[in-house]
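Colleague: Could you take a close look at one histidine and its surroundings for me, and then walk me outwards through the parts of the fold that you can describe? I work at the bench, so plain words are welcome.

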Amino acid sequence: MRTSITPLYFIPTTLPKSDNHCLASLSTRSFRALGFRVFAAAVSEQRKTPSISKPPKIPFPSPTASIPTPSPAANENPPKTKKVLVPIGFGSEEMEAVILVDVLRRAGAEVTLASVEQRLEVEFSGGTRLVADAFASACSDQIFDLIALPGGMPGSARLRDCKILQKMTSKQAEEKRLYGAICAAPAVTLLPWGLLRKKKTTCHPAFIDKLPTFWAVKSNNQVSGELTTSRGPGTSFEFAISLVSQLYGETAAKEIKDSLLVNDSGSHKKEEFNEVQWSLDHTPQVLLPVANGCEGIDIVTTIDILRRAKASVVVASVEKSTQILASQGIILVADKLINAAAEITYDLIILPGGVGGAERLHKSRVLRKLLKEQQIGGRIFGAMCSSSAILQRQGLLKDKKATAPESVLSKESNVVDGAQVVIDGKVIANKGLASATDFGLAIVGKLFGHSRARSVAEGLVFEYPRA
């Protein structure tokens, strides 16, 4: 039972090849799984609209330019759609849940986000609210290729206490189908269910002593037969991509990694220019505007990390509703509408990525005014992934260095190649979805200092430089 929301944006039919870095895998099976529709009439109208020659109005990259055309051989033997269940409860970890859903849907899986509560809207451990697709009880008679449990507390305990979910996962293990858990869930949920017997298992360092000593390992990601376990929010991409590999093969997993700009080198390249202090004498007030089509990973990662650091974060919708249909069919609930949020001044405004979302954010007069006032007032602002185009179109990147996926920013802009995060004075940008954690921690480091950023990173189980 998905709450019915009609997206107010459409997906054009042309796209620069590089924009796949920030977007979903736009294969036919992905569209069918998510129920997206292309509005041909709207596309036709857009093509009739004359181009605007006034600088610096750089057109947004279109989200579908380089959709690969399946070969005849691929059409003859289309891969089977895999069914995945991701259960959630009050206090589940938002980064883990959203990254799981997002990455698996990009791979083409039919993912059901299922609530073990008595309502579909669920509040996560960091205060993010999502709307589930269905109740866990409505999924009890279905067969899934994978059941993957996010962690978080008390979310893992809420999953543990759901008898229906216990029965489903136990049957999954008995029938040798894939199941997995991350963070606290291996120790808090699977262990009491008896589903870790004779399995090498990892989990969040805070819970590792609860695992049987002989079978406990400290690897970021551990595959033991049908069971896959992982350590925390900072290892969520590795966990999700491992599951993609098991469902669809290594080639599909590599394609997903490349599209997300996953960095395998272990380095967290951040470059800073025109360094200034961001430290404040009060709790930082942060505004995160959101719209239909924004990247769910960007939104929840930013919220989670900044709230862990004790910043005050307001999530404001530029739509007519507080419910947002983010990328990959994920429904998020904002704290308020942008008009109400604009009543106060913010120390920092962050724009999440997503080409469709960026276009809608750019059209908000209230947000444009807030960004202009932010610049005039000498306050901090930033953009993630494709939303750097918003800053450029509004003239906010003039004489500033930034980063973004290829072709998002115009050639004449000061794009820093190779950096995942770029800070220039009081402007910050990042390159792609897989660097969202680096982006959030870079902000924490600037606002609170390196020690606070390291502390947050340790809680996430995310490798972070010592100096």
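Modeller: Happily! Let's start with a polar contact: a polar atom in the side chain of His204 lies 2.9 Å from the backbone oxygen of Gly459. Please keep in mind that this is a predicted model. His204 belongs to the loop that runs between α7 (185-190) and β8 (221-224). Is this residue buried or exposed? His204 has a relative accessible area of 13%, and the limit for buried is under 20%, so His204 counts as buried. Leaving aside residues up to four places away in sequence, His204 touches Cys183, Ala184, Ser230, Arg231, Gly459 and Val461. Gly459 therefore turns up twice, as a residue touched by His204 and as the owner of that backbone oxygen.

The loop ends at β8, which takes us to the sheet. It is an open sheet of 7 strands in the order β5-β2-β1-β6-β7-β9-β8, and its pairing is mixed. β8 and β5 (134-135) stand at the edges; each has a single partner strand, so one side of each lacks a neighbour in the sheet. For β5, strand β2 (residues 110-115) pairs with it in the parallel sense over 2 bridges, and Ser115 stands opposite Phe135 there.

Further along the order is β6 (residues 146-149), which we can follow residue by residue. In a regular strand, side chains alternate between the two faces of the sheet. Here, Leu146 and Ala148 point one way while Ile147 and Leu149 point the other, and all of them are buried. β6 pairs with strand β1 (residues 83-88) in the parallel sense over 2 bridges, with Leu146 as the bridge partner of Val84. Strand β7 (residues 178-182) also runs parallel to β6, joined by 4 bridges, and Leu149 stands opposite Ala181 in β7.

Next comes a helix. The buried residues of α9 (residues 250-260) are Ala252, Ala253, Ile256, Ser259 and Leu260. Their arc around the axis is only 125°, so they lie on the same side of α9. As a general point, an α-helix has 3.6 residues a turn, so residues three or four places apart point the same way. The buried residues of α9 pack against α4 (94-106) and α8 (236-248). Glu250, Thr251, Lys254 and Glu255 are exposed, on the face of α9 turned away from its buried side. Just after α9, Leu261 takes a positive phi of about 60°.

Finally, the aromatic rings. The structure holds 1 aromatic pair: the ring centres of Phe214 and Trp215 are 5.1 Å apart and the planes stand at 90°, so the pair is edge-to-face. Phe214 is exposed at 62% relative accessibility, whereas Trp215, at 27%, is partly exposed. Two other rings have a charge over them: the charged end of Lys83 sits over Phe144, 5.3 Å from the ring centre, and that of Lys401 sits over Phe273, 5.5 Å from the ring centre.

How values were computed. Residues numbered from 1 in each chain as written. Predicted model: local features only at pLDDT ≥ 70, side-chain atom pairs only at ≥ 80, totals over all residues. Heavy atoms only, no water. Phe/Tyr/Trp six-rings, centres within 6.5 Å; stacked < 30°, edge-to-face > 60°. Buried < 20%, exposed > 50% of the residue type's maximum accessible area, 1.4 Å probe, protein only. Lys NZ or Arg CZ within 6 Å of the ring centre and 35° of its normal. Arc of directions from axis to C-beta. Contact = heavy atoms within 4.5 Å. Pairing = 2+ DSSP bridges. Polar contact = N/O pair within 3.5 Å; in protein donor to acceptor, adjacent residues only side chain to side chain.
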